[in-house]
Amino acid sequence: MNPFTQLDGLVAPLDRANVDTDAIIPKQFLKSIKRSGFGPNAFDEWRYLDVGQPGQDNSKRLLNPDFVLNKPRYQGAQILLTRDNFGCGSSREHAPWALEDYGFRVLIGPSFADIFFNNSFKNGLLPIKLDAAEVDELFRQCEASEGYRLKVDLAAQTITRPDGKSIHFDIDPFRKECLLNGWDDIGLTLRHADKIRAFEDRRRAEHPYYYS
């Protein structure tokens with residue numbers, strides 16, 4: 001998992017509440033567990049004018065010109081503004097995989113579904129909860145100004161708007177440490193690799209018949 005420290009990123013506004021995980025990555029794309037390659041199918045049903053299938057050449061599909069992420073001004077966005085209850089529905093981990101593979105590193109909204117919220121941290125995304133009024137203002141500024149960017153500093157726990165205003169956000173200290181260091185669940189386990197090897201060596205010496 002790539003560490004997250006600071007980001008100065010273009011913002012895209014997804015002005016919809018209760019966006020579920022099937023909208024983020026539809027069910028037909030869940031056969032793969034590679035954790036990569038899902039970006040082209042993120043928001044597939046909203047993004048394209050046809051029904052997408054695994055293995056399809058997305059470059060030949062017709063884009064929906066009315067979908068916000070297809071608009072030229074939001075190409076390359078790394079920060080997604082959302083509304084209430086983003087990531088609801090099923091617990092599929094493919095949803096944060098798709099968002100990360102698309103290019104997003106930060107999600108900002110008033111609330112997130114619990115399982116999606118947890119899965120995001122485990123996959124290198126930073127979901128930030130802010131008051132609804134603060135999110136409303138970010139939406140207003142983003143839609144009013146092309147090329148709207150925000151600076152996110154995880155260590156300082158701040159979001160800085162183009163007008164200079166700094167917004168503090170809360171984050172669990174353990175999740176913060178994991179993101180700063182790029183530790184997913186496997187990475188956390190491997191921090192104790194020496195102890196694991198020592199245990200296995202001792203176990204082999206004490207109980208050789210387990211390995212015969």
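Why is helix H3 (residues 94-102) largely enclosed by the rest of the structure? In this predicted model, seven of the nine residues of helix H3 are buried, so the helix is largely enclosed by its surroundings. A residue is called buried when its relative accessible area is under 20%. In H3 the residues that meet this criterion are His94, Ala95, Pro96, Trp97, Ala98, Leu99 and Tyr102. Their cover includes three other helices, H1 (21-24), H2 (44-47) and H4 (114-122), together with strand E3 (106-109). Just after H3 comes Gly103, which takes a positive phi of about 130 degrees.

Strand E3 leads to the sheet. In general, the strands of a sheet pair through backbone hydrogen bonds, and this pairing is either parallel or antiparallel. Here seven strands form an open sheet with mixed pairing, and their order is E4-E3-E2-E1-E5-E6-E7. At the edges lie strand E4 (126-129) and strand E7 (166-168), each of which pairs on one side only. On average, neighbouring strands of this sheet are turned by 25 degrees against each other, direction ignored.

One pair within the sheet may be followed in detail. Strand E5 (residues 149-153) and strand E6 (residues 158-160) pair in the antiparallel sense, over three bridges. Asp153 has Thr158 in E6 as its bridge partner.

Finally, helix H4 connects the two parts of this description. H4 is among the elements that cover the buried residues of H3, and H4 also lies across strands E3 and E4. Relative to E4, helix H4 runs at about 135 degrees.

Definitions and conventions: Residues numbered from 1 in each chain as written. Predicted model: local features only at pLDDT ≥ 70, side-chain atom pairs only at ≥ 80, totals over all residues. Heavy atoms only, no water. Buried < 20%, exposed > 50% of the residue type's maximum accessible area, 1.4 Å probe, protein only. Helix = DSSP H or I, 4+ residues; strand = E, 2+ residues; numbered from the N terminus. Contact = heavy atoms within 4.5 Å. Pairing = 2+ DSSP bridges. Axes fitted to C-alpha atoms, helices over the stretch in contact; angles between N-to-C directions.
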